[in-house]
Amino acid sequence: MHYFDLFLEAYGREGVALTAILLVLLAIQLYYYIFVYGAVPDYKNSKRPPLLEKEPPVSIIVPLFSEDYTFVEERLPLILAQNYSSFEIIVVYVGQDNDFYEDVSTIKQSFPNIFVTKIHLNPRFPISRKMALNVGIKSAHYEHLLFTSTDAYPQSDSWLSLMAKGFMRGDIVIGYCGLESDKGLTNYMMRAWRMMHSVDWIARAVRRRPYRGILHNFGFTKTLYFGVNGFGHLNMNIGEDDLFLQQIMTRDNVSVVLSPRAALREKRWGGMKWWMDRVRYFGSSFKFFPMAVKNYIIWELSTRVLFFLSLLCALVVMPLEIKLFALLLGIVRLVFVLLKVKKISRRLGEEKMTSRYVIYDLLSPLWSLWVGVILMRKDERVWR
């Protein structure tokens, strides 16, 4: 108590309050990065009790909404080349081009495990991704289903075997998909956003509090799907990887597959404008998330902002001793953040993420605020 009185006398109530705030905020930040996010690189799915004795046959379902020859020629072969004994690929083509449909269908002559089905596109009655997936699920011959997109491609020929092995320990399997790597700060920021926002749901999943997966790399069983009568939120064109999974996920039925060899890479089709358009579109489902999930996501971001503001305040108005102490706390946080981000990026197969992460760490709160503002305006593309 004597030391506290001396401290109060020397630096006043403002100095005591600011120091206490910095310590509390630092403790919350370290909790997130050490105990929450820190669980990701050390996670071992093999500790979960097995449900199956061996890897099951798997149906991979891919909805195709355009005459995308680059997918057929470049990315589809990477799926066909997966090193796995028993799988099929169900391509659900939604369109009007009969020539393209015939071209894709001829692949079956060389690969009998690929099946192509067509949904005729009528502009008056738009077909959602959920509808296409539903057709693919009903067409699948196997119980265990994996879903991906035409924009994503495996980084190794072990992707399918690792994801299928995940079904041995859960009826739902979720994996990681990063963004295609390129030069420049813009690409880095988009990759860092994808990685750290994925870490939010991956960290919850490995701690047995799952709430979503990612559109390009997840799976579940037919039994679960038909047990809840298929996809919900049918008035929305999105939600199969989050809102629907929230219906069927439990503490014990989710298998998380984390390995660079099990990760996919999403092709990048533009710069920041393209990226923000995607963030706005898919982010429209966030307002329907459970309050506990919203608080979990917002709490880290808000305490980070308050920590930065409190640190700045201390550096500007406090005496030298408080300035040095605040700076030390900032360095402590930064060291722990960089160490954890380095381990996380290695586990997820992301390269060269640590060196510039301080830029993302500082700017992402402003970026998130911008996203929050644009999400206030209704995106008509989301709704049917």
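This tour proceeds from the whole chain to its two sheets and then to a patch on the surface.

**Whole chain.** Display the complete model, which is predicted. The protein chain contains 12 helices and 10 strands. Its radius of gyration is 24 Å, close to the 21 Å that the globule rule gives for 384 residues, so the chain is as compact as a globular protein of that length. With the C-alpha trace shown, the extents along the principal axes are about 85 × 45 × 40 Å.

**The seven-stranded sheet.** Next, select the strands of the open sheet whose order is β3-β2-β1-β4-β8-β6-β9; the pairing within this sheet is mixed. At its edges lie β3 (114–120) and β9 (254–256), each of which pairs on one side only. Neighbouring strands here are turned by 20° against each other on average, direction ignored.

Then restrict the selection to residues 58–64, strand β1, and residues 144–147, strand β4. These two strands run parallel and are joined by four bridges. Which residue of β4 is the bridge partner of I61? The partner is F147.

Add residues 159–166 to bring helix α5 into view. Helix α5 packs on the sheet and touches β1, β2 (87–95), β4, β6 (172–174) and β9. The direction of α5 makes about 115° with that of β1.

**The three-stranded sheet.** Clear the selection and pick β5, β10 and β7. They form an open sheet with the order β5-β10-β7, again described by mixed pairing. The edge strands are β5 (152–154) and β7 (177–179), and each pairs on one side only. On average, neighbouring strands of this sheet are turned by 30° against each other, direction ignored.

Focus now on β7 together with residues 264–266, strand β10: three bridges connect them in the parallel sense. Within this pair, L179 has E266 in β10 as its bridge partner.

Extend the selection to residues 185–206, helix α6, which packs on this sheet. Helix α6 touches β7 and β10, and its direction makes about 160° with that of β7.

**The nonpolar patch.** Finally, switch to a surface representation and select L312, L315, V316, V317, L327, I331, V335 and L339. Together these residues make a nonpolar surface patch of about 700 Å². Which helices each supply at least two residues of the nonpolar patch? They are α10 (291–317) and α11 (320–348). To locate the patch on the ribbon, one may start from L312, which is found in helix α10.

Key
Residues numbered from 1 in each chain as written. Predicted model: local features only at pLDDT ≥ 70, side-chain atom pairs only at ≥ 80, totals over all residues. Heavy atoms only, no water. Pairing = 2+ DSSP bridges. Axes fitted to C-alpha atoms, helices over the stretch in contact; angles between N-to-C directions. Contact = heavy atoms within 4.5 Å. Patch = residues over 30% accessible without salt bridge, like charges linked within 9 Å, V, L, I, M, F, W, Y side chains within 5 Å. Areas by Shrake-Rupley, 256 points an atom, 1.4 Å probe, with all protein chains shown as cover. Salt bridge = Lys/Arg side-chain N within 4 Å of Asp/Glu carboxyl O. Rg over C-alpha atoms; globule rule 2.2 N^0.38 Å.
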